[in-house]
Amino acid sequence: MNNKELLRKLPKIDELLKEEIVLAELNHTLRPIVVEALRESINKFRNDIISEVISDFSNKDILRHFLYLIQKKNSSKFKKVINATGVIIHTNLGRSLLSQKAVESVKVSAENYNNLEYNLETGERGSRYSHIEELVRKVTGAEAAMVVNNNAAAVMLVLNTLCRNKEAIVSRGQLVEIGGSFRIPDVMNFSGAKLVEVGTTNRTHLYDYENNINENTGALLKVHTSNFKIIGFTEEVNLEELVQLGKKYNIPVIEDIGSGVLVDFSKYGLSYEPTVQDSIKKGVDIVTFSGDKMLGGPQAGVIAGKKVYIDKIKKNQLTRALRIDKMTLAALEATFKYYLDEEEAVKNIPTLYMMLSSKEEHKKRAQNLRDKLQKVAKDLEIKISLDYSMVGGGSMPAEKIETYVLKLKSSRISTKDLEEKLRKNFIPIITRIYNDEVYLDLRTILDKDFHIIVEAFNNIFLLEM
Ligand SMILES: *Cc1c(COP(=O)(O)O)cnc(C)c1O
């Protein structure tokens with residue numbers, strides 16, 4: 001057939017709409033999506049004819065392409081992936097996974113009415129913060145607390161409340177940038193606080209703060225340098241000294257502690273990371289931290305500290321714009337509850353579990369996954385190797401947690417192609433390449449996803465035959 005004849009043979013959309021496959025699809029896919037997929041399929045074949053890629057076709061071929069397109073169109077743009085990178089709090093992959101109880105709470109809050117801003121005792125309007133405040137107080141030891149959308153919002157709100165048109169003194173060694181362009185100087189600027197930098201990058205002394213205090217000083221700010229370490233000839237003013245200084249001049253001390261660490265990790269063989277409870281005990285006036293970093297909950301910003309200041313913060317009109325939503329609140333409450341019993345927290349909060357589970361456990365899991373993969377990908381070279389996982393999320397950058405990884409290499413497919421095929425899997429599998437091998441770190445892979453990984457390899461290696 002020549003091109004002209006082939007083009008004439010192309011079906012009309014209405015014609016294909018009568019095909020059984022298409023009718024079946026209409027049962028569970030919106031009509032405009034089906035029509036669009038048909039149009040695109042016909043267009044693809046028209047272009048293939050014109051550019052002489054094909055010399056013949058049948059309607060069946062077009063419908064096969066249609067089904068492929070429909071599958072793509074029906075899958076969400078925002079979707080599940082498998083994190084095989086070993087970076088536990090991977091900001092690009094959604095940071096912390098929620099515990100089972102947190103997930104259940106989210107579901108209940110989503111599909112039912114609730115007492116979000118309703119006081120069941122009095123039958124009057126209530127506050128959305130009241131549900132979580134007592135729990136945060138119990139766990140952290142703070143007098144009062146509130147929660148907002150994320151920690152960046154928490155820092156902004158605190159500074160706006162206590163330091164607007166005033167000065168906030170910060171050490172030059174703590175003017176951090178967190179990934180995703182959260183920069184302390186910029187946040188301060190937005191909040192209306194005037195940044196007063198003191199000391200040098202590597203050394204700041206108590207007198208640097210004291211010499212810069214004047215009647216317009218609104219706060220002394222300490223920022224946890226969560227994502228980098230300065231080593232060598234360094235000096236930082238510790239929190240106790242800063243609190244003493246604040247008391248002397250009656251100026252609040254604010255600490256942005258970044259990751260909300262509520263358990264002492266040194267007990268479990270990791271390095272010590274300052275806990276929220278420690279800061280409160282040391283007398284800090286306000287501490288802010290993230291909900292979805294080492295706390296292991298949903299995206300949120302927690303503000304805990306002295307009641308006088310929290311009361312002021314709650315009255316700030318900005319809270320309306322930064323407020324936490326009901327599903328987050330549900331997840332946060334369920335997550336905090338675990339911390340009433342540390343043993344439960346460590347066992348049930350996925351982020352903590354991933355950080356603290358033993359490498360021997362992951363070695364066994366690595367062997368299990370290797371055996372399964374070897375069955376479907378016979379000439380894939382699989383090595384089990386001791387390696388290191390990272391905490392991620394800008395937390396504990398120097399901490400290397402021992403883990404086991406699978407190192408993969410195949411003579412049939414390049415390492416780069418294998419990584420790409422896994423990444424473009426129906427449920428994407430995110431890996432990393434090192435020394436021309438694909439690494440799968442067991443620490444961040446869930447048991448329930450093993451079969452998805454096996455199926456992905458099965459497909460890749462079948463097609464490559
Ligand atoms: C991560 C981090 C933030 C930002 O917290 P988000 O919850 O991501 O908004 C702010 N300050 C510090 C020190 C951090 O580590």
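This dialogue concerns a ligand site and two helix pairs in a predicted model.

Visitor: Which conventions apply to the model?
Guide: In this predicted model, local features need pLDDT of at least 70 and side-chain atom pairs count only at pLDDT 80 or more, whereas totals for chains, interfaces and linings use all residues. Residues are numbered from 1 along each chain as its sequence is written, and side-chain values use heavy atoms, with hydrogens and water left out.

Visitor: What makes the approach of Arg95 to the ligand a polar contact?
Guide: A polar contact is a pair of N or O atoms within 3.5 Å; within protein, one must be able to donate a hydrogen and the other to accept it, and residues adjacent in sequence count only if both atoms are side-chain atoms. A side-chain N or O atom of Arg95 is 3.0 Å from an oxygen atom of the ligand, so the pair meets the definition. A backbone N or O atom of Ala152 lies 2.9 Å from a ligand oxygen atom.

Visitor: Why is H6 called roughly antiparallel to H15?
Guide: Angles run from 0 to 180 degrees between N-to-C directions, and axes are lines fitted to C-alpha atoms, for helices over the stretch in contact. Angles under 35 degrees count as roughly parallel, over 145 as roughly antiparallel, 65 to 115 as roughly perpendicular and the rest as oblique. Helix H6 (residues 100-111) and helix H15 (residues 326-338) pack at about 150°, with axes 8 Å apart. H6 is therefore roughly antiparallel to H15.

Visitor: How do you know whether H7 and H15 are parallel or antiparallel?
Guide: Helix H7 (residues 130-140) and H15 pack at an angle of about 25°, their axes being 10 Å apart. H7 and H15 are therefore roughly parallel.

Conventions: Helix = DSSP H or I, 4+ residues; strand = E, 2+ residues; numbered from the N terminus.
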